[in-house]
Amino acid sequence: MKLNRVERWFVNSPMRRAMQALVVRWFRGIRPLPVGVDILEIGCGSGFGARMIAAQFAPRRLFLSDLDSRMVALAAEAVSGDAAACVGFCVADAEALPFRSRAADAVFGFGFLHHVPDWRRGLREIHRVLKPLGVYYFEEYYPSLYQNVVTRRLAAHPLHDRFRSHDLRGEFEIVGLKLRQAFELKRLGILGVGVKEPSC
């Protein structure tokens, strides 16, 4: 589901960018990656997260995808200089990613999965595109944060089959992602690092 005008304003705000920079540094501190890996960011928005990923993880290739073509265009404008040489862009649905299986060493998602109507299918797609022992770095929010009496009037989210902590953790186990590290505010959301089990 695409972001509405209020959400687009928020994801491009200085406050959100400061939060995202802290999240990327937390990810790197929890589980660094070797230099020169292939990374996919799903829901790249305006490209700020991609700039942080490039700076903190130094990938060989960085693929940016978003359901909204306007966001992909903004990301293409935002990523420039030396970083642009290794970056690819595409409009893509998280439920059917246009990438081959086992293509990525890491996948980043900054609060996109709760926007996906069939989030379980989205998680299976993440698992599919990850290499064995590939890493899923994620930031996600729970319905009590985005479907309360205030935010449900401002933000556009799917209304049915939304995940909470136990739902998300259970689906990780089902698809074969091992949650290695998490920082969670039970009713609000979670930062986490999942690893694709080598047998998958």
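**View 1. Val 6, a partly exposed residue of this predicted model.** With a relative accessibility of 37%, Val 6 counts as partly exposed. Val 6 is placed in helix α1, which spans residues 5-11. Together with Val 149, Val 150 and Leu 154, Val 6 forms a nonpolar patch on the surface. The accessible area of these residues together is about 330 Å².

**View 2. Strand β4 and its surroundings.** Strand β4 comprises residues 104-110, and six of its seven residues are buried. The strand is therefore largely enclosed by the rest of the structure. One pairing of β4 is with strand β1 (residues 38-42), in the parallel sense and over four bridges. Within this pairing, Leu 40 has Val 107 of β4 as its bridge partner.

**View 3. Pairing of β4 with β5 and the connection between them.** Strand β5, formed by residues 130-141, pairs with β4 in the parallel sense over six bridges. Val 107, the bridge partner of Leu 40, has Tyr 136 as its bridge partner in β5. From β4 the chain passes through helix α5 (residues 119-129) to reach β5, and this β-α-β crossover is right-handed. In a regular strand, side chains point alternately to one face of the sheet and the other.

**View 4. The surroundings of Cys 86 and Cys 90.** For Cys 86, the closest cysteine sulfur belongs to Cys 44 and lies 14 Å from the Cys 86 sulfur. A disulfide requires two cysteine sulfur atoms within 2.5 Å, and the separation of Cys 86 from Cys 44 is too far for a bond. Cys 44 also holds the closest cysteine sulfur to that of Cys 90, at 8.3 Å, which is again too far for a bond. By this rule, the count of disulfides is zero. The two residues can also be described by their accessibility. Cys 86 is partly exposed, at a relative accessible area of 22%. Cys 90 has a relative accessibility of 18% and counts as buried, because buried means under 20% relative accessible area.

**View 5. Gly 189 in strand β7 and its separation from Leu 145.** Gly 189 lies in strand β7, which covers residues 189-196. Its relative accessibility is 9%, so Gly 189 counts as buried. Gly 189 and Leu 145 are 44 residues apart along the chain, and a distance of 7.9 Å separates their C-alpha atoms.

Conventions:
Residues numbered from 1 in each chain as written. Predicted model: local features only at pLDDT ≥ 70, side-chain atom pairs only at ≥ 80, totals over all residues. Heavy atoms only, no water. Buried < 20%, exposed > 50% of the residue type's maximum accessible area, 1.4 Å probe, protein only. Patch = residues over 30% accessible without salt bridge, like charges linked within 9 Å, V, L, I, M, F, W, Y side chains within 5 Å. Areas by Shrake-Rupley, 256 points an atom, 1.4 Å probe, with all protein chains shown as cover. Salt bridge = Lys/Arg side-chain N within 4 Å of Asp/Glu carboxyl O. Helix = DSSP H or I, 4+ residues; strand = E, 2+ residues; numbered from the N terminus. Pairing = 2+ DSSP bridges. Right-handed = clockwise from strand over helix to strand, strands pointing away.
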